[in-house]
Amino acid sequence: MTLDGWNFKGWNSKGWTVCGVALFSFFAGSLITARLGHLNQVRADSNRVFELRVYHTVPGKVPALESRFRDTTSKLLTKHDLNVVGYWVPEDAPWDNTFIFMVAHSSREEAKKNWDAMRADPGFQEMLKSEEANKLVEKIDSTYMRPTDFSPMK
């Protein structure tokens with residue numbers, strides 16, 4: 001069999017099937033690779049930041065602070081679009097009077113806007129007033145972090 005001067009002797013339907021599958025696989029792989037490359041580029045250009053908050057408590061007050069977050073603070077954070085990634089309590093000294101949590105923000109500007117809204121919330125103000133008599137936290141450290149280009153979490 002010839003096609004435009006090409007000799008296709010010996011090419012049966014199985015040969016054409018293998019060739020077709022190979023071409024289709026190459027085409028599909030190219031499309032997928034191009035799409036994944038675009039997704040990584042979009043993520044790398046993101047303004048998303050994470051905020052690490054470390055609460056240094058009055059000695060022995062971590063359980064009370066955990067209760068406050070479980071019962072009140074976590075609801076206020078959610079209400080004001082402060083997306084908590086997780087809460088942690090270290091198990092080893094010198095971190096034994098420490099409560100840690102991380103918040104994901106779409107940008108630093110969104111973080112500021114959402115924190116300002118929470119601080120103005122009457123429920124938050126009420127919670128602060130209730131702690132004046134029974135202080136739980138001595139100091140709060142907060143830092144914003146951007147994910148690296150090789151970070152699994154972006």
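## Pocket, helix packing and backbone outliers

Aspartate 81 sits in the loop that runs between α2 and β4. This is a predicted model. Aspartate 81 is not a glycine, yet its phi is positive, at about 55°. A second backbone feature is the cis peptide bond between alanine 93 and proline 94, with omega of about 5°. Proline 94 belongs to the loop between β4 (83–88) and β5 (98–105). As background, most residues other than glycine have a negative phi, and most peptide bonds are trans.

Next comes the helix packing. Two helix pairs involve α4, and the table lists their geometry.

| Helix pair | Axis separation | Angle |
|---|---|---|
| α2 and α4 | within 10 Å | roughly 150° |
| α3 and α4 | 5 Å | about 65° |

Take α2 and α4. Their axes cross at roughly 150°. Angles over 145 degrees count as roughly antiparallel, so α2 is roughly antiparallel to α4. The crossing of α2 and α4 is left-handed. From α2, the contact uses Arg68, Thr72, Thr73 and Leu76. From α4, Gly123, Phe124, Met127 and Glu131 take part. By class, this contact of α2 with α4 holds three nonpolar, three polar and two charged residues.

Now α3 and α4. Their axes lie 5 Å apart, and the helices pack at about 65°. On the α3 side, Met118, Arg119 and Ala120 make the contact. They meet Pro122, Phe124 and Gln125 of α4. The contact of α3 with α4 divides into four nonpolar residues, one polar and one charged. Phe124 thus appears in the contact with α2 and in the contact with α3.

Which residues are closest to the centre of the largest pocket? The pocket has a volume of about 240 Å³. It is lined by 16 residues, and Tyr55, Arg68, Phe124, Leu128 and Ile140 are the closest to its centre. Two of these names recur from the helix contacts: Arg68 and Phe124 both belong to the contact of α2 with α4.

Several elements build the lining. β3 (49–57), α2 (62–79), α3 (108–120), α4 (122–131) and β6 (137–145) each supply at least two residues. Which element gives the most? That is α4, with four residues. By class, the lining of the largest pocket has 10 nonpolar residues, one polar and five charged.

Terms used. Residues are numbered from 1 along each chain as its sequence is written. This is a predicted model: local features need pLDDT of at least 70, side-chain atom pairs count only at pLDDT 80 or more; totals for chains, interfaces and linings use all residues. Side-chain values use heavy atoms; hydrogens and water are left out. On a 1 Å grid over the protein atoms alone, a cavity is a set of points where a 1.4 Å probe fits but cannot get out, and a pocket is an open set with protein on both sides within 12 Å along at least five of seven lines; lining residues have an atom within 4 Å of a point. Grid points are joined across faces, edges and corners, and a volume is the space filled by probe spheres set on the points. Ala, Val, Leu, Ile, Met, Phe, Trp, Tyr, Cys and Pro count as nonpolar, Asp, Glu, Lys and Arg as charged, and the others, Gly among them, as polar. Axes are lines fitted to C-alpha atoms, for helices over the stretch in contact, and angles run from 0 to 180 degrees between N-to-C directions. Angles under 35 degrees count as roughly parallel, over 145 as roughly antiparallel, 65 to 115 as roughly perpendicular and the rest as oblique. A crossing is left-handed if the near helix is turned anticlockwise from the far one by less than a right angle, and right-handed if clockwise. Contact means heavy atoms within 4.5 Å.
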